[in-house]
Amino acid sequence: MTATTSQPAPVAIGDNLVGPDKPVYVIGEIGINHNGDVEIAKKLIDVAVEAGAQAVKFQKRTPEISTPKDQRDKIRQTPWGEMTYLEYKYKVEFEDAEYSEIDAYAKDKGVQWFASPWDVPSVEFLEKFDVPTHKVASASVTDHELLQALKDTGKPIILSTGMSTVEQIDAAVEILGTDKLVILHATSTYPLPAEEANLRTIGTLQERYGVPVGYSGHEVGLQISVAAVALGAVAVERHITLDRAMWGSDHASSLEPKGLETLVRDIRILEQAMGDGVKRVMPGEFSPMSRLRRVDA
């Protein structure tokens with residue numbers, strides 16, 4: 001893989017251009033935080049829209065394929081009672097009826113939706129809805145059969161890189177190509193401690209692959225995500241929830257509605273504050289200069 005220092009070209013995801021000097025593409029990851037309830041999913045879409053995010057993301061699985069065999073029969077305590085892990089996976093999985101509702105609802109609200117497919121049949125399922133992009137979950141970076149199926153759709157691809165070595169990412173990029181690729185730096189620790197965020201990797205990935213690079217965060221709080229934007233992240237993905245105390249594995253490391261609203265606000269302020277790097281006297285400085293500077297150059 002040859003390193004590059006040029007600015008990567010933006011990637012078109014529907015009507016949104018994702019890349020340097022474009023508005024940061026904010027993704028509210030619903031994932032399975034809907035807990036199998038399409039009405040909760042709709043409320044989370046509302047949260048994303050009201051905060052100003054451009055997209056929401058779900059997860060799509062064919063449980064009998066994507067659930068590891070050694071995990072399927074393990075017993076799990078759930079809000080619906082005691083059941084096997086495979087039964088639980090089916091309980092929180094949306095199918096045609098639910099995604100048809102989600103598709104119509106998101107379009108009505110003017111927000112993009114897509115998902116991380118965890119297996120090849122799930123890619124085919126999502127293509128029925130003509131989603132604008134597909135997301136590769138960090139756990140799927142080494143699933144080359146899935147990556148090839150995603151490449152074959154011709155859609156732009158967003159690739160998360162948590163729990164992955166540079167060599168594994170190289171192999172994934174070799175399959176996906178770089179023409180329509182956005183990479184997200186991620187660390188798959190839930191919740192993410194600051195010392196594992198390693199945000200300078202954003203620049204490393206951009207130099208290595210020459211594509212737009214964003215950030216997928218699992219931390220508690222907003223500071224790390226905002227810092228990622230300052231370091232050049234062109235997209236930010238955060239899990240969202242109605243209440244961090246809700247039952248489920250991802251809620252505790254998710255943003256509640258006010259948190260997402262504050263994050264988007266801070267990102268938009270930061271975009272304005274970054275400037276162009278040219279040192280000059282700003283308009284607001286002329287009045288203080290006339291009062292305070294005693295010696296002219």
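**Entry 1: aromatic pairs**

I count two rings of Phe, Tyr or Trp as a pair if their centres lie within 6.5 Å, and I call the pair edge-to-face when the planes are over 60 degrees apart. The model I am looking at is a predicted one, and with this rule I find nine aromatic pairs in the structure. I looked up phenylalanine 58 and tryptophan 113, whose ring centres are 6.2 Å apart with the planes at 80 degrees, so I note this pair as edge-to-face. Phenylalanine 58 belongs to strand 4 (residues 55–60) and tryptophan 113 to strand 7 (residues 112–117), so the pair ties together parts that are 55 residues apart in sequence. I also checked their surroundings, and both phenylalanine 58 and tryptophan 113 are buried.

Next I took tyrosine 99 and phenylalanine 129, where the ring centres lie 6.3 Å apart and the planes stand at 55 degrees, so this pair is tilted. I find tyrosine 99 in helix 4 (residues 96–109) and phenylalanine 129 in the loop between helix 5 (120–127) and strand 8 (134–136), so parts 30 residues apart in sequence are tied together by the pair. Tyrosine 99 and phenylalanine 129 are buried as well. Following the ring pairs, I see that they link a cluster made of Phe58, Phe94, Tyr99, Trp113, Phe125 and Phe129.

**Entry 2: charges over rings**

I then looked at arginines placed over rings. The charged end of arginine 61 sits over the ring of tryptophan 118, at 3.9 Å from the ring's centre, and arginine 76 lies over the face of tyrosine 88, 4.4 Å from the ring centre.

**Entry 3: nonpolar cores**

I noted beforehand that nonpolar side chains tend to be buried together in soluble globular proteins. In this model the largest nonpolar core has 48 residues, and Tyr25, Phe58, Ile102 and Trp113 are those with the most contacts inside it. Helix 1 (residues 38–51) gives the most to this core, namely eight residues. What does isoleucine 102 touch, if I leave out residues up to four places away in sequence? I find Val38, Ala41, Ile45, Phe58, Phe94 and Trp113 in contact with isoleucine 102. There is also a second, separate core of 28 residues, and Val123, Val141, Leu150 and Val213 are among them.

**Entry 4: the sheet**

I traced an open sheet of eight strands in the order 7-4-3-12-11-10-9-8, with parallel pairing. Strand 7 and strand 8 stand at the edges and have a single partner strand each, so one side of each is left without a neighbour in the sheet. Ignoring direction, I note that neighbouring strands of this sheet are turned by 25 degrees against each other on average. At the strand 8 edge, three bridges pair strand 8 with strand 9 (residues 157–160) in the parallel sense, and lysine 135 stands opposite isoleucine 158 in strand 9. Helix 1 lies across strand 3 (25–31) and strand 4, and runs at about 150 degrees to strand 4.

**Entry 5: strand 12**

Is strand 12 (residues 235–239) enclosed or open, and why? Five of its five residues are buried, so strand 12 is largely enclosed by the rest of the structure. Both of its faces are covered, with Ala235, Glu237 and His239 buried on one side and Val236 and Arg238 buried on the other. I followed its two pairings: strand 3 joins strand 12 in the parallel sense over five bridges, with tyrosine 25 opposite alanine 235, while strand 11 (residues 213–217) runs parallel to strand 12 and is joined to it by three bridges, with glycine 217 opposite arginine 238.

Technical notes. Residues are numbered from 1 along each chain as its sequence is written. This is a predicted model: local features need pLDDT of at least 70, side-chain atom pairs count only at pLDDT 80 or more; totals for chains, interfaces and linings use all residues. Side-chain values use heavy atoms; hydrogens and water are left out. Rings of Phe, Tyr and Trp (its six-membered ring) pair if their centres lie within 6.5 Å; planes under 30 degrees apart count as stacked, over 60 as edge-to-face and the rest as tilted. Helices (H or I, at least four residues) and strands (E, at least two) are DSSP runs, numbered from the N terminus. Buried means under 20% relative accessible area, exposed over 50%, partly exposed in between (1.4 Å probe, protein chains only). A charge sits over a ring if NZ of Lys or CZ of Arg is within 6 Å of the ring centre and within 35 degrees of the ring normal. A nonpolar core is a set of buried Ala, Val, Leu, Ile, Met, Phe, Trp, Tyr and Cys residues joined through side-chain atoms within 4.5 Å. Contact means heavy atoms within 4.5 Å. Two strands pair if DSSP finds at least two bridges between them. Axes are lines fitted to C-alpha atoms, for helices over the stretch in contact, and angles run from 0 to 180 degrees between N-to-C directions.
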